[in-house]
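Trainee: I have a new structure open and would like to go through it with you. Could we take it one topic at a time?

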Amino acid sequence: MATQRDYYEVLSIERTSSGDEIKRAYRRLAMKWHPDRNPGNAEAETEFKACAEAYEVLNDSERRSRYDKHGHAGLRQTPGHDFRSMNVEDIFSMFSDIFGGGARTGFTGGFSGGARRGVAHGYDLETEVEMTLEEVLTGTEREVEFKRLDVCQTCTGTGAKPGSKPVSCPTCAGHGQVQQAGFGGMFRMVTTCPGCRGRRTVITDKCADCRGQGRVPLQRKLSVKLPMGISDGQIVRITGEGEPPPPEMSATGEGPRGDLHVVVRVRDHERFERDGDTLVAVQQIAFAQAALGATIRINTLDGDHDLVVEPGTQHGDVYTVDGEGLPNLRTRKRGDLNVLMQLVVPKKLNDAQRRLLSEYATIERVEVNKQSPSLWKKVKDSLGG
């Protein structure tokens, strides 16, 4: 008996992943392993069904909890769908919240939720860009490259060699669906035709460029505006830069294209931590500055700033600099900079410093360690004597 794979491993996510992270991982892998992109690849279809099975369990809080506690054995009492016996269209029809729904087969081919009945939508695509915190402050543009399937220009999406045409599918007689008997012949189930996969036609003389798929991979490059104030994990949506509808829904690609989802990743900063629109920084100060007060120069994202340290400042005190944080994505109003004071104690003291601090300790009436003469000083005193 084959060992069942861990669902978190299937989706390449952590066990602490949120619902949105699970959905995003599934959408990305479903795009990767979709049989339309991997024609004739049995491994891709297996992976595609495994991803769907993992998503169905992990997206359900009750079933996910049971799986986390007891593994696959905990799900046997409440079995879900048998994905291994389902076709691709059936799987897409079950996840309309991700892929969109409403088409006659239950498969629109797209991830653009809310598709209307009978309207073919294309696939959404996803890519990532990286930004610095300085770029979040001002906004920037980034050039992104991605690969998408597009309508083959040689056959105009039909998949047939120029000069030839697809012929009616002999399996379903051009209906796109077949009937199967079930429950001892008492019922009949209508499913997508396995011969033409719902296209109603099959290609006998395939186009050499797309090998009968009607779609060819295309490298695409475009410039994307990333607004100021955007956060790590947020998405910039580029309408119409996804893929055309799949061949079974529209051979010529007629219908709305999918969208491109650009996921923003903000690089960690060596000095600042981010908390929404607020920035947090640690500033080191000396004992004398903390005790007597001082005006110190601090770094901000867009330049230096004078900060007045009040006398008697304690280690861990926080000073707020108004308007030196990050802009709000919607209002563009800047947040604040919180500066955490860190008292720095010198590790080594010269004689003058030690003498002054010893006198201060005497005034404060606090006990301190007396420094014994160094070995070298003892040698010099001995020679001098």
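Mentor: We shall discuss one helix, then salt bridges, aromatic pairs, a strand and two loop residues. Please keep in mind that this is a predicted model.

Trainee: Let us start with helix 4. Which of its residues are buried?

Mentor: Helix 4 covers residues 61–70, and Arg63, Arg64 and Tyr67 are buried there. Viewed along the helix axis, these buried residues lie within an arc of 100°, so they line one face of helix 4.

Trainee: And which residues are exposed on the other side of helix 4?

Mentor: Ser61, Glu62, Lys69 and His70 are exposed on that other side.

Trainee: What covers the buried residues of helix 4?

Mentor: The cover includes helix 1 (7–11), helix 2 (19–33) and helix 3 (42–58).

Trainee: What is found at the start of helix 4, and what follows the helix?

Mentor: At the start, a side-chain oxygen of aspartate 60 comes to within 3.0 Å of the backbone nitrogen of glutamate 62. After the helix comes glycine 71, which has a positive phi near 70°.

Trainee: Changing topic: how many salt bridges are found in the whole structure?

Mentor: A search of the whole structure gives 21 salt bridges. One of them joins arginine 5 to glutamate 47, with the closest N and O atoms 2.9 Å apart. This pair links distant parts of the chain, since arginine 5 belongs to the segment before helix 1 and glutamate 47 to helix 3, 42 residues apart.

Trainee: Is glutamate 47 buried or exposed?

Mentor: Glutamate 47 has a relative accessible area of 15%, so it counts as buried; the cut-off for buried is under 20%. Its partner arginine 5 is partly exposed, at 37%.

Trainee: Which parts of the chain does the salt bridge between arginine 257 and aspartate 150 tie together?

Mentor: The side chains of arginine 257 and aspartate 150 meet at 2.5 Å, N to O. Arginine 257 is in the loop between strand 8 (235–238) and strand 9, while aspartate 150 is in strand 2 (residues 140–151), so the pair ties together parts that are 107 residues apart in sequence. Arginine 257 is partly exposed at 28% relative accessibility, whereas aspartate 150 is buried at 10%. Salt bridges with shared partners join both residues with Arg148, Arg220 and Glu241 into one network.

Trainee: What about aromatic residues? How many aromatic pairs does the structure hold?

Mentor: The structure holds 4 aromatic pairs. Among them is the stacked pair of tyrosine 26 and tyrosine 55, with 4.7 Å from centre to centre and 15° between the planes. Tyrosine 26 lies in helix 2 and tyrosine 55 in helix 3, 29 residues apart. Tyrosine 26 is buried at 0% relative accessibility, and tyrosine 55 is buried at 1%.

Trainee: Where do phenylalanine 287 and tyrosine 360 lie?

Mentor: These two rings form an edge-to-face pair, 6.1 Å centre to centre with 65° between the planes. Phenylalanine 287 is in helix 8 (residues 287–292) and tyrosine 360 in helix 9 (residues 351–364), 73 residues apart. Phenylalanine 287 counts as partly exposed at 41%, and tyrosine 360 counts as partly exposed at 40%.

Trainee: Which residues of strand 1 make up its covered face?

Mentor: The covered face consists of Leu125, Thr127, Val129 and Met131, and the uncovered face of Glu126, Glu128 and Glu130. In a regular strand, side chains alternate between the two faces of the sheet. Strand 1 runs parallel to strand 9, and 7 bridges join the two. Methionine 131 stands opposite valine 266 in strand 9.

Trainee: One last topic. What is the phi of arginine 211?

Mentor: Arginine 211 has a positive phi of about 55°, although it is not a glycine. Most residues other than glycine have a negative phi. Arginine 211 lies in the loop between strand 6 (201–202) and strand 7 (215–226) and is exposed at 66% relative accessibility.

Trainee: And where does arginine 332 lie?

Mentor: Arginine 332 lies in the loop between strand 14 (318–321) and strand 15 (337–344). Its phi is positive, about 70°, although it is not a glycine. Arginine 332 is exposed, with a relative accessible area of 56%.

How values were computed:
Residues numbered from 1 in each chain as written. Predicted model: local features only at pLDDT ≥ 70, side-chain atom pairs only at ≥ 80, totals over all residues. Heavy atoms only, no water. Helix = DSSP H or I, 4+ residues; strand = E, 2+ residues; numbered from the N terminus. Buried < 20%, exposed > 50% of the residue type's maximum accessible area, 1.4 Å probe, protein only. Arc of directions from axis to C-beta. Contact = heavy atoms within 4.5 Å. Polar contact = N/O pair within 3.5 Å; in protein donor to acceptor, adjacent residues only side chain to side chain. Salt bridge = Lys/Arg side-chain N within 4 Å of Asp/Glu carboxyl O. Pairing = 2+ DSSP bridges. Phe/Tyr/Trp six-rings, centres within 6.5 Å; stacked < 30°, edge-to-face > 60°.
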